[in-house]
Each structure stands twice: as structure tokens, then as C-alpha cells.
Amino acid sequence: MPSMQSQRHRNWLPVGLFIFATLLHACRTVAITGRQQLNLVPRQTILSLSYQQYGEFLSQARLSTNQEQVELVRRVGKRIQNAVEQYFAEQGLSEELQGYEWEFNLVESSDVNAWCLPGGKVVFYTGILPITKDEEGLAVVMGHEIAHAIAEHGSERMSQGLLTQLGGVALDIALRDKPKETRQLFLVAFGVGAQIGVLLPFSRMQESEADRLGLIFMAMAGYDPRAALEFWKRMASQGGVKLPEFLSTHPSDETRIREIQAALPEALKYYRRR
């Protein structure tokens with residue numbers, strides 16, 4: 001007669017196989033780097049959430065009226081957008097960008113920040129412009145932020161959150177039954193908030209991947225990727241209290257600059273001087 005423990009194991013076996021099959025099916029490959037990532041979130045769902053969140057943000061933000069700076073942000077963004085689209089078309093991967101509605105905005109804020117939501121929705125804060133300094137410096141940040149979206153880092157982090165915080169529940173059920181928790185997952189997934197725990201190593205990895213891809217994207221657009229070294233040195237000189245790397249969602253300044261230096265030979269292969 002089988003023991004109760006072995007019976008429990010048999011009962012859990014179908015569940016385990018289902019979860020394994022689901023996770024296997026949910027694996028995607030990041031363009032260029034080839035890294036396998038977990039992605040449980042349907043693309044159209046994440047785009048819908050992204051556009052809704054972006055619209056809400058812009059409705060409350062103060063858009064810059066400095067036309068020269070606004071045009072600079074949009075010019076750099078458009079160049080990198082065109083380079084990314086051309087590359088994906090050449091690789092037969094244009095469907096990866098299906099549903100993108102690119103948009104580039106500059107917001108009046110002293111915060112030293114910029115971000116890109118899924119679908120190419122980009123925001124720069126005026127507080128980062130003194131550090132980007134010039135067009136190539138701005139292209140460093142633009143390439144990095146667009147890389148996060150292209151590599152679907154937000155969807156990957158949201159998938160991790162669905163597994164670790166909501167017990168693997170499907171996104172449509174989470175949206176229906178736990179809208180507050182799901183919204184918080186979205187905000188955390190795209191960097192609004194901090195979290196110490198299992199997700200942090202993935203976040204540092206994603207930051208490093210975005211640095212590497214960002215260098216390649218800016219090079220494809222005709223910007224010299226070597227400008228990234230000076231930009232990140234300027235960022236490092238800003239000072240302020242910095243968490244130890246194991247508690248931070250970003251690589252340390254020293255680690256980041258060292259990794260960028262190592263990634264430059266690859267990026268320079270894509271450099272199309274204009």
C-alpha cells in the first residue's frame with residue numbers, strides 16, 4: 001500500500017509538470033545577446049498597461065517648453081528608433097516591434113532620470129541634461145533606456161513578480177482579482193520603488209544587459225559608443241549616498257565603467273559614422 005507521502009508526490013506531479021511546461025513555453029530570447037528569459041506576460045497586455053501608465057504620467061507632468069532641448073531629445077530618439085527598426089528588419093525580426101508607438105518627451109524636473117516603457121514610450125527629465133552634456137551623451141542614455149524596452153526587461157521582472165508575489169497566477173486573473181497588487185507589480189517592474197530580495201540579481205543583470213545593448217543601438221544610429229565612458233564618469237562624480245552593490249538594483253559605478261570598457265569592441269563593430 002503506497003504511503004501518504006508517496007501519494008502526495010503523485011498528486012503534485014501533474015501540477016509540477018504543468019508549471020514546468022508553462023515556464024518552458026514562456027521562455028524568450030533577448031535579441032543580440034541571446035539570453036533566455038522568463039516572460040509570462042502577453043505582449044499586447046503589457047503594451048496596453050504601458051500606454052495607460054504613460055498617458056497618466058504625462059497628464060500630471062510639466063512638459064518642457066524649451067524647443068531646442070525638446071527637439072534634441074526627439075532627434076536622438078528618432079535616430080536610435082530608426083536604427084533599431086532597420087536592424088530588426090534586416091534580421092527578419094520586425095514582428096518583435098509590432099505594436100510599438102514610439103514617443104519621446106522631455107519633462108521639467110530636477111530629477112536626474114530617464115526611462116522607456118514598453119512600446120517605445122520615452123521620458124527624459126531636464127535634470128539629466130547637464131550630465132548628458134551633448135548629443136552623444138544623450139544618446140548613451142537613450143540607447144540604454146530603449147534597450148530595456150527592446151529586451152523586455154519590464155515584462156521579465158513582472159513575470160518574476162507574478163511567480164514570487166502572486167503565486168504564479170495568470171496576469172489576466174491578477175488584473176481582475178488583485179488590481180492594486182498588479183499595478184504595484186507593474187511600477188516595481190519598471191523601476192518605481194526598490195526591493196531587496198530574489199529579484200535584485202536579475203535587475204543588476206538587466207542593467208548590465210541594457211548597457212551592452214544601448215552601446216550597440218547608439219552605434220547603429222551613428223553615435224560613437226565611446227562617449228558612454230565619459231558620461232558614466234560624469235554620473236559617478238555626482239556623489240551622494242550609494243548602496244553597496246549587493247543591495248542595489250544597479251551595478252556600482254566602477255563595475256559599470258569596467259563592463260562598458262569591455263563591451264566597446266563589440267559595439268564599435270556596429271558604429272556607422274554619420
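Which residues have the most contacts inside the largest nonpolar core? In this predicted model, they are Ile80, Phe124, Met142, Ile146, Ile150, Leu215 and Phe217, and the core that holds them has 51 residues. Helix H5 is the element that gives the most to this core, contributing 9 residues. Apart from the largest core lies another, of 7 residues, which includes Leu58, Leu117, Val123 and Tyr125.

The surroundings of isoleucine 80 were examined with residues up to four places away in sequence not counted. On this basis, isoleucine 80 touches Ala139, Met142, Gly143 and Ile146, and also Phe217, Met218, Ala221 and Tyr223.

An open sheet of 3 strands is present, with mixed pairing and the strand order E3-E5-E4. Strand E3 (103-107) and strand E4 (114-117) form the edges, each pairing on one side only. From one strand to the next, the twist averages 15 degrees. The pairing of E3 with strand E5 (residues 121-125) is parallel and extends over 5 bridges. Within E5, tyrosine 125 is the bridge partner of valine 107; Tyr125 is also among the residues of the core of 7 residues.

Two helices are placed relative to these strands. Helix H3 (residues 67-90) packs on the sheet and touches E3 and E5, with its direction at about 150 degrees to that of E3. Helix H5 (residues 135-150) lies across E3, E4 and E5 and runs at about 30 degrees to E4.

Key. Residues are numbered from 1 along each chain as its sequence is written. This is a predicted model: local features need pLDDT of at least 70, side-chain atom pairs count only at pLDDT 80 or more; totals for chains, interfaces and linings use all residues. Side-chain values use heavy atoms; hydrogens and water are left out. Two strands pair if DSSP finds at least two bridges between them. Helices (H or I, at least four residues) and strands (E, at least two) are DSSP runs, numbered from the N terminus. Axes are lines fitted to C-alpha atoms, for helices over the stretch in contact, and angles run from 0 to 180 degrees between N-to-C directions. Contact means heavy atoms within 4.5 Å. A nonpolar core is a set of buried Ala, Val, Leu, Ile, Met, Phe, Trp, Tyr and Cys residues joined through side-chain atoms within 4.5 Å. Buried means under 20% relative accessible area, exposed over 50%, partly exposed in between (1.4 Å probe, protein chains only).
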